[in-house]
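Please open the model in your viewer and keep the sequence panel visible. The tour below goes from selection to selection.

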Amino acid sequence: VTAQNNAGLSSAGTSFTAQVDSSAPTSSVTCDTAACSAGWYTTSPVSIAITGSDAAAGVERVVYTTDGSAPTINGSDTVTNGTAVAGASATFNISTLGTTTVKWLAEDNVGNISGVSSQVVKLDTTAPSAPTLSYSGFSHAYYPGSGSTVFFQNGGSGGFTVTGSGSSDGESGIAGYTYPALGSGWSNTNGAYSYNSSAATQSGSVTAQNNAGLSSSGTSFTAQSDGSAPTSSVTCNTVACSAGWYTTSPVAVA
């Protein structure tokens with residue numbers, strides 16, 4: 001552009017450029033200021049930051065959703081779905097437990113619009129419920145059918161199996177159960193306990209873990225040593241047995 005004076009003389013020119021920009025912006029996302037994890041977050045909220053980049057016209061706005069639907073901008077350059085944030089970045093928090101799908105796009109200052117990007121964010125801040133226990137596979141061991149004590153033969157060898165079940169987790173689900181070690185004389189593989197002659201009475205707790213790595217409170221059981229043989233008694237016709245002869249048949253022995 002030049003200026004002319006009334007004498008017809010022109011100034012030196014001041015130049016400008018009309019630069020074509022046909023490239024849509026690019027973008028990236030972070031969770032809690034780092035690359036987003038495919039695993040479960042256990043602290044709420046999760047801080048989301050979406051950053052757009054455009055080397056030419058620059059980023060006008062970022063449009064995002066958190067309900068799994070695609071953000072949209074119509075032909076009149078109006079946002080028809082999603083939350084629009086002016087500038088090259090959008091930050092927000094996710095505190096909803098479970099799985100949240102974040103989707104977004106970026107638009108530059110001349111109307112080029114990126115494709116829709118997506119990031120799954122999984123949040124579970126609660127531990128699973130405690131398990132219930134069942135007992136099986138007895139070898140020189142016995143469970144009376146109620147309570148939390150399994151008896152085993154003192155000075156012998158054998159085993160039994162403890163099985164945890166029934167735990168629930170509404171977000172990430174149950175990953176498994178952890179069984180405690182019971183000390184000297186005991187061995188354990190996933191709840192299958194065996195003992196040798198040196199084993200003594202021991203107690204432990206079984207916990208449940210969810211897929212976010214959180215553990216439940218423990219449900220305890222006791223392996224109780226029993227080294228005493230049973231005692232017994234007898235009656236004849238409901239009273240102490242006589243050393244003499246009975247003259248009525250039959251004699252009821254208990």
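The stops below begin with the whole chain and then move to single residues and bonded pairs.

**Whole chain**

Start with everything selected, and keep in mind that this is a predicted model. Colour by secondary structure: the chain has 19 strands and 0 helices. Turn the view along the principal axes, where the C-alpha atoms fill a box of roughly 155 × 35 × 20 Å. The radius of gyration of the chain is 38 Å, whereas a compact globule of 254 residues would have one near 18 Å.

Next, switch on a surface. The chain exposes about 14,100 Å², and carbon and sulfur atoms supply 50% of that area. Buried residues account for 31% of the 254 residues. If you draw the contacts between residues at least 6 apart in sequence, 60% of them join residues at least 24 apart.

**Ala-12**

Select Ala-12, in the segment before strand E1 (26-31). Is Ala-12 buried or exposed? Its relative accessibility is 68%, over the 50% cut-off, so Ala-12 counts as exposed. Now add Val-1 and Thr-2 to the selection; Ala-12 is in contact with both when its neighbours within four places in sequence are left aside. A distance label between the C-alpha atoms of Ala-12 and Thr-2 should read 6.1 Å, although the two residues are 10 apart along the chain.

**The disulfides**

Show the cysteine side chains next. How many disulfides does the structure hold? There are 2. A disulfide is a covalent bond between the sulfur atoms of two cysteines.

Go to Cys-31 and Cys-36, which are joined with an S to S distance of 1.9 Å. This link is right-handed, with 85° about the S-S bond. Cys-31 has 1% relative accessibility, so Cys-31 counts as buried.

Then move to Cys-236 and Cys-241, where the S to S distance is 1.8 Å. The angle about the S-S bond is 90°, and this link too is right-handed. Check the cover on each partner: Cys-236 is buried at a relative accessible area of 8%, whereas Cys-241 is partly exposed at 34%. With the bonded cysteines numbered in sequence order, the pairing reads 1-2, 3-4.

**Ile-174**

Select Ile-174, which lies in strand E15 (residues 174-178). Ile-174 has 30% relative accessibility and counts as partly exposed, because that value falls between the 20% and 50% cut-offs. Which residues does Ile-174 touch, not counting those up to four places away in sequence? They are Pro-128, Ser-167, Ser-168, Asp-169, Gln-209, Asn-210 and Asn-211. For a distance label, pick the C-alpha atoms of Ile-174 and Thr-99: they are separated by 15 Å, with the two positions 75 residues apart along the chain count.

**Ser-216**

Finish at Ser-216, in the loop between strand E18 (202-210) and strand E19 (219-226). Is Ser-216 buried or exposed? Ser-216 counts as buried because its relative accessibility is 7%, under the 20% cut-off. Display its contacts, leaving aside neighbours within four places in sequence: the partners are Ala-127, Pro-128, Ser-129, Ala-130, Pro-131, Thr-207 and Ala-208. Pro-128 appears here as a partner of Ser-216, and Pro-128 is also touched by Ile-174. Keep Pro-128 selected to view the two stops together.

Methods. Residues numbered from 1 in each chain as written. Predicted model: local features only at pLDDT ≥ 70, side-chain atom pairs only at ≥ 80, totals over all residues. Heavy atoms only, no water. Helix = DSSP H or I, 4+ residues; strand = E, 2+ residues; numbered from the N terminus. Buried < 20%, exposed > 50% of the residue type's maximum accessible area, 1.4 Å probe, protein only. Contact = heavy atoms within 4.5 Å. Disulfide = S-S within 2.5 Å. Rg over C-alpha atoms; globule rule 2.2 N^0.38 Å. Areas by Shrake-Rupley, 256 points an atom, 1.4 Å probe, with all protein chains shown as cover.
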